[in-house]
Every structure is written in C-alpha cells, then in structure tokens.
Amino acid sequence: MPIEIVCKIKFAEEDAKPKEKEAGDEQSLLGAAPGAAAPRDLATFASTSTLHGLGRACGPGPHGPRRALWALALLTSLAAFLYQAVGLAWGYLTRPHLVAMDPAVPAPVAGFPAVTLCNINRFRHSALSDADIFHLANLTGLPPKDRDGHRAAGLRYPEPDMVDILNRTGHQLADMLKSCNFSGHHCSASNFSVVYTRYGKCYTFNADPQSSLPSRAGGMGSGLEIMLDIQQEEYLPIWRETNETSFEAGIRVQIHSQEEPPYIHELGFGVSPGFQTFVSCQEQRLTYLPQPWGNCRAESDLRYPELQGYSAYSVSACRLRCEKEAVLQRCHCRMVHMPDSLGGGSGGPCFCPTPCNLTRYGKEISMVRIPNRGSARYLARKYNRNVTYIRENFLVLDVFFEALTSEAVEQRAAYGLSALLGDLGGQMSLFIGASILTLLEILDYIYEVSWDRLKRAWRQPKTPLRTSAGGISTLGLQELKEQSPCQSRGCTEGGGASSLLPNHHHPHSTPGSLFEDFAC
C-alpha cells in the first residue's frame, strides 16, 4: 500500500523574521495570511481574564474537586449578583421620589398675594327689574315684582346681557367697603379690580402681577385689613328652591397668586358677619417632578396647548377652560366668568396637570366676635345704623403674613441613574470582582469566537500545500510529485537542481513500490 513520506525542516528564526516584514498582505511561503491567528480557547481566555475565579474554574490544568468547588463558587456569586441587579433595576424603574422641605429663609420684602372676595348673594333684590327676574328665573326662582305677573308683553323682553345684569345688580364694593388699610396706609375701592366668578361680580385686591404690592413686615397690621357691610337687606328672598339657592350670609374669600385666576367656589373660604377673621399666611413654593417621576406640566412641555385668555398656566385656569368647553359643546354659549376665547369643546375628558412650579399660600384662620358693647353704639352712630344691623352685617377681614419667610417644598428623584450605576458597580465588585472593562473583555472574546466560526461556515478553506507550525514545514509526497519538474524516474540528479534538495533513488525501487522519489 502507498505510504506518504513527510519531510520536516525547521527554519532558523533569523531567516523567518525578514520574510514577515517584506509584504503586508501577500501570502507567505506557508500560504497563511500574516496576522491571522486562531481564536483563543476558553482555558486561555480564562487564565488571562480579570473576572475573579474564572481562571481557577475554567483555566488550564487538571480537573478535580478543587476546580469543581471554584466553579460552584463562581456560579453562586454570579447568581447572587444577578439577583441583586434585578432588584436594583426594578427599584429604578419604579421611579421613586421624595419630598424635601428647605428651611424658611427670612426676606426683607415679600410680595403680597392677591385677595379675591365675593358676596355670597349674587343679585341685589332692589336692583332687579321684571325683565331681569324673567331672564334669571332659573337662577333665582323669584316671581315678578309686578302683581300682574309676566304678561304677554313680557315675552318681548330684549335679549339678556349677563355682564350688564351682573354689573347693575351685583353688590357694589363702594357701598360695602367701610374701611380699608394696607400696611398702615389707607386704601379704597379703587385699589380693587372687578372679576367675575360663579358668585357673580367679585373684587380682587392686588390683582396686577406687574405692580404687586410688597409686604415689609409680618404679623397683624402689616397686611390687608378691611371692614365690610354685606347688606343682608338686599339678599334675595327665597320663593322656591333652585340649584343656586343659598341660605348663607357673608362673603367668600380666596388668597392666591396674581398669575392664577380665582376659583373661589371651590378654593375659597367663608367669612361670617359679626366676627373679625384673622388669616395668617405663609408663602409656599412647590416644585414637582415631570415625567417619568410625576405628571406635572413644565412650561416648555409642548404636549399641552396654551390656555387662551390667560397669561400663564394654572390648574384653576385649566378647569375654567374645561368648563367652558363643556358648556360650548352642550348649549353653544358660555358663562360670564369663563374665558372669552374662540374655539369649541374638545368633547373628550379634560385633564389638568399640576404645574411643575407652583406658588401656594398656607392659611391659619382664627376669629373673634365683633362688635363689643362699646363699639356697637359707636359704629351705629358713625354709619347711621342700629346696633342690630351692625352685628348682623358688619365683618372685619385681616390678611397678613405670619413672617416674611418662604417655604420651599421640592420633589426630588430618590433613585437616579448615577445611583443605579454605583450600586450595580458595588454589587459587581463584591460578588464577581468585575468592572466595565471585564464585561468588554467577555464581549471581545465572544466576538472573536463568533467571527471565526462565521468565517469557517461561509468560506470553505482550501487545503494548503504547505502548513507551518512553529517554523516546521510539512509536505506531502503526492503534492511534491505534482509540483516537481521531474516527470519520470529518468530525471538525473542534475535535472532536479531547481528543487530544494537533490533527488534520491533507491536502486531497487519500482513504480508503485514501497519507496518513492521525494524531494524537500
């Protein structure tokens, strides 16, 4: 049978080094591309990896109980790290937040808030005409003043103008306001501006945000102090109950910022006649987190349209817009206190997120009875009223800052991305002694092995004529004969001068016998 005779020659390193530098991409004498090396096996990678325990569990060396224990310890540490990492990631995805309250810092001057007040009675009975009563029948439930009732001619009443009706029939501040002082200075009805709410014609003190009045001291006497006559004799008689029937007597008050419209029917508080009510305020600056931690509305958030008719966004303004859209959709009209802006109702649910920056005023309310016996007779003589009228109609409202301090309440992210990365790095170092560079080592090894396998799968390598390993050349006899210039045994020793070594002939050899010609 034919036997392949192999000749191995080891070249000197001095001869191999110059050849490696001659051509960058040309094939060498051995037929392999320069720089192409087989991928490292797992044992080699484990012995050089910076992952703690991997070299002892998977590195080169004999297998035994010691290696098994190291492998068990490595897997246990890896499982513990993954468990902790999942818990940390879940805690981060829940977006926890906390509320931080900064200590109040005294300030020499504080901006005084806007104070809106409304008489609980909307319309003065003496100012209503039969036409007004006819148009306001659903609100007041009053019969006509004319004993004959609304005759046929009454059906020809002109179309109602609710703004005109409210202006004419509402309580006039000039008649209600008996005294007014702000920080020791006299004030009058001209310092109030008219605003319309669900209670009709109301009045706001310090409403202009461009010229807000400052408060230079805290405590009583340093804010707004007014005396009002609620005019109970002008309250509407109750003929029959309606949805708007009121049994109370007094005023509604709301303390708010100048950028926020009054929403007094929900956010206001009542002040009763016969009492002096003290309202101690403290400014609170609230800061909320936007998504994904919260749902507040940032000023630069383009998901929400601007509120037409208002200079700034607020929850009260948004609610008024929602009410207007609902009324427009149902009856194609609007109430007087709703914003006068174009556009119809959206028809969908109305969502009013809290602004991310909000100014609110905390209140502490206390009251004492007025007038006392001595002052009742004095006030009766001063305002030409009897003592009973004074006790049933007069009230005093005193609004002031508790102190010239401002509380800052801020929502803060309790667990951010930097904290997550720090905790993950600590757990990784504790359990497996790894870092980001260690992960890059593992990814680089996976890429190296995967790329080598892909090249083998998509490109069938040709069998090289010569293969080398460590400077040793291995040649096959059949390959050598195909490349040999000698085509027969008659080739002399001189004819093989082009080969590396001279031909050798066995004197007793025959074609196909055990010994064949060979050359290296």
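Analyst: Welcome! Let's start with a term: a nonpolar core is a set of buried Ala, Val, Leu, Ile, Met, Phe, Trp, Tyr and Cys residues joined through side-chain atoms within 4.5 Å. The model we will look at is predicted.

User: Which members of the largest nonpolar core touch the most other members?

Analyst: They are Phe192, Leu224, Ile226 and Leu228, in a core of 31 residues. Strand E15 (residues 394-413) contributes five residues, the most to this core. A separate core has 13 residues, including Leu54, Phe81, Met428 and Tyr445. In soluble globular proteins, nonpolar side chains tend to be buried together.

User: What does Phe192 touch, leaving out residues up to four places away in sequence?

Analyst: Its contacts are Leu117, Leu173, Leu177, Cys180, Tyr203, Thr204, Phe205 and Ile226.

User: What makes E7 and E12 edge strands?

Analyst: Each of them pairs on one side only. They belong to an open, antiparallel sheet of five strands, in the order E7-E8-E4-E11-E12. Strand E7 covers 192-197 and strand E12 covers 269-271.

User: How do you know that E11 and E12 pair?

Analyst: Pairing takes at least two bridges. Strand E11 (residues 251-256) and E12 have three, therefore they count as paired. In one of these strands, E12, Phe269 is the bridge partner of Val253.

User: Why is the contact between Arg168 and Asp164 called a salt bridge?

Analyst: The cut-off from nitrogen to carboxyl oxygen is 4 Å. Here the N to O value is 2.8 Å, so the pair qualifies. Both residues sit in helix H7 (residues 162-169), four residues apart, which means about one helical turn separates them. Together with Asp132, they are linked in a network of salt bridges.

User: Is Arg168 buried or exposed, or in between?

Analyst: Buried means under 20% relative accessible area and exposed means over 50%. Arg168 has 34%, so it is partly exposed. The value for Asp164 is 35%, so that residue is partly exposed too.

User: What about Glu283 and Arg285, whose side chains meet in a salt bridge?

Analyst: Their N to O value is 3.4 Å, so this pair also falls within 4 Å. Glu283 has a relative accessible area of 11%, so it is buried. Arg285 has 45%, so it is partly exposed.

User: Where do Arg321 and Glu325 lie?

Analyst: They are four residues apart in helix H10 (residues 315-331), about one helical turn. Their closest N and O atoms are 2.9 Å apart, so they form a salt bridge. Both residues are buried.

User: How many salt bridges are found in the whole structure?

Analyst: The search finds seven.

Technical notes
Residues are numbered from 1 along each chain as its sequence is written. This is a predicted model: local features need pLDDT of at least 70, side-chain atom pairs count only at pLDDT 80 or more; totals for chains, interfaces and linings use all residues. Side-chain values use heavy atoms; hydrogens and water are left out. Buried means under 20% relative accessible area, exposed over 50%, partly exposed in between (1.4 Å probe, protein chains only). Helices (H or I, at least four residues) and strands (E, at least two) are DSSP runs, numbered from the N terminus. Contact means heavy atoms within 4.5 Å.
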